[in-house]
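Student: Got a minute to go through this one with me? I'd like to start with a single residue and work outwards.

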Amino acid sequence: MANRVVRLPLVGTGLGATLRKDNWWIGPAVTFAVLSSFIAYATFRAFENNFFSYGPYLSPFYSPYIESKGFGISFLSPAMLILPGPASFRFTCYYYRKAYYRAFAMDPPACAVGERNPEKYNGERKLLLFQNLHRFAMYVAVLFLVFLWHDFYKSLSFDGHFGLGLGSLVLLTNCVLLSGYTFGCHSFRHLIGGSVDSFSTAPFGKLRHSLWNLVTKLNGNHMAFAWSSLFGVALTDLYIRMVASGAIHDIRFL
Amino acid sequence: MADKATIRVFRGNEDGGEFKEYEVETYTGMVVLDAIHEIQAKQAPDLAVRWNCKAGRCGSCSAEVNGKPRLLCMTRMSHFAEGEAINVTPMRTFPIIKDLVTDVSWNYEMAKKIPEFKPRPRDADGHWRMQQYDIDRIQEFRKCIECFMCQNVCHVLRDHDKKKEFAGPRFFIHLATLEMHPLDTLDRRQMMKDDFGLGLCNITRCCTEVCPEHIQITDNGIIPMKERVADDFYDPVRWLLARFGGKKKKSLPIVQSTGDAGEDTHKTKKPKKTA
Ligand code: SF4
Ligand code: SF4
Ligand code: FES
Ligand code: FES
């Protein structure tokens, strides 16, 4: 009897087939809208190639700043040179994978809800095997964090004097959220201690266990950090774009 | 007058069936299983339902209520809006025997395929030693009551019917329990990749959403196993280090299976020496 294909006679097959009565589509619809808007905004900013710095502030979309003129491609902006780094980190992130497999691929759109092409499915094996390389994107993301914290440090210096503006606080918030996101990464958690079977006998086992515990706490909030840091990056860039374009004025506290 | 609720129960078997509507009187604290028992007692004595503890401990009463996998004994009637008909159906992923009872034996067959715990030899004084903090992680997985709701909701089984190549979330946490165990000596990574279909899981987390024991199946079980498999099979840097850097691979015996997960053909072999 086992291994027979069973279909509960009362539910059809195909996309959206379900006996669920709640609004299961809201989650994927919101995810779809937010991620699409972010991608649209980031693409616009990458092409705009303007208003990305103001005084000591540098937009995270353009950091680290690499001059793009020498490449001889007219539309190439410094943002385009560096954005593949964070983009691949988020694209291969275990949390975002869940989010876009549901919202974009609809495989499945929500739990216990039918899908488009039930016969064709390879999961993360064939075409998506590259998702297993997430750790390498994580190494890059950690490197980017160094640059972003350095940008915050630089944002405290106005014409050679110590200062503090609203922009500095915006950059700080961005760094904090991105650090929470990056150090809560599953691959980082594995690297720091997840791969150890016996902490009490492994080299540096106790230390690794404590670090693993910390990372596990961040990891438990990975979804929250994934979204807040995504908004964080976009709003930081938007703030700098607005002060750089003169739409608003930066507030100086010190 | 006591309040009433309308319950629509699936009546039938694998070959077909339909919803039958029943009305039951409700009372404070009533759960869906109570309502089913009420129907059994007074209106449909041949209605089949599997249950045992009525306390969320045995994992027998798994079914779907309004399309969502739930333990019937832990789902309160007060959870549903008054006047709303409540649909009760059997788990969709497994063959229906009758009404709400499904044949979950595929899970027991799968469990047999997993190479069991093989501890290292005892210490010289005849004891095994490990610390509490070594096994904290896997104690979470021991809470599993084998309700198989995670297996039922997982789209790899439910929609794609990969029962031959995919062990499912319940067994991934079982594999994780063994793999993370400080005393265990077997390496089941190759099996996880090739025979138990870990790569088929696309971490969409429905298993975690339905688990009545709130086990973080995806975050604490499946993803750590994906990372371990990546260590051995998808990490070019590690591969190079092992090949040219003289870094020794963990010398645990590798358990390999020669067939798919539907056949009981695993054997243990010594790992190849990596220079
Ligand atoms: S996370 Fe993986 S195992 Fe769990 S329900 Fe989704 S596909 Fe299945
Ligand atoms: S892991 Fe949770 S959902 Fe899956 S069988 Fe165990 S208790 Fe049930
Ligand atoms: S960043 Fe989300 S899992 Fe690595
Ligand atoms: S009857 Fe035991 S879990 Fe519901």
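Student: Is A:D250 buried or exposed, or somewhere in between?
Tutor: This is a predicted model, and in it A:D250 counts as partly exposed because it has 17 C-beta neighbours inside 10 Å. Being buried would take 20 or more, and being exposed 12 or fewer.

Student: OK, and where is A:D250 along the chain?
Tutor: A:D250 falls in the segment after α9 (222-245) of chain A.

Student: Which residues does A:D250 touch, leaving out those up to four places away in sequence?
Tutor: A:Y54, A:G165, A:L166, A:G167 and A:V243.

Student: And how far is A:D250 from A:P84 in space?
Tutor: They sit 29 Å apart, C-alpha to C-alpha, with a sequence separation of 166 residues.

Student: Switching topic: how many residues of chain A are in contact with chain B?
Tutor: On chain A there are 44, in contact with 55 residues of chain B. Elements giving two or more residues to the chain A side are α4 (94-103), α7 (186-194) and α8 (205-220). The largest share, five residues, comes from α4(A).

Student: What's the chemical make-up of that chain A side?
Tutor: It splits into 18 nonpolar, 14 polar and 12 charged residues.

Student: Last thing: which residues have the most contacts inside the largest nonpolar core?
Tutor: B:V32, B:L72, B:V88, B:C150, B:V153 and B:F172, in a core of 109 residues. That core takes at least three residues from each of domain 1 (4-102) and domain 2 (105-269) of chain B.

Student: What does B:V88 contact, beyond its neighbours within four places in sequence?
Tutor: Its contacts there include B:I7, B:V9, B:F10, B:V32 and B:L100.

Definitions and conventions:
Residues numbered from 1 in each chain as written. Chains lettered and ligands numbered in written order. Predicted model: local features only at pLDDT ≥ 70, side-chain atom pairs only at ≥ 80, totals over all residues. Core = buried A, V, L, I, M, F, W, Y, C linked by C-beta atoms within 7 Å. Domains from an automatic or database assignment. Contact = placed C-beta atoms within 7 Å. Helix = DSSP H or I, 4+ residues; strand = E, 2+ residues; numbered from the N terminus. Nonpolar A, V, L, I, M, F, W, Y, C, P; charged D, E, K, R; others polar.
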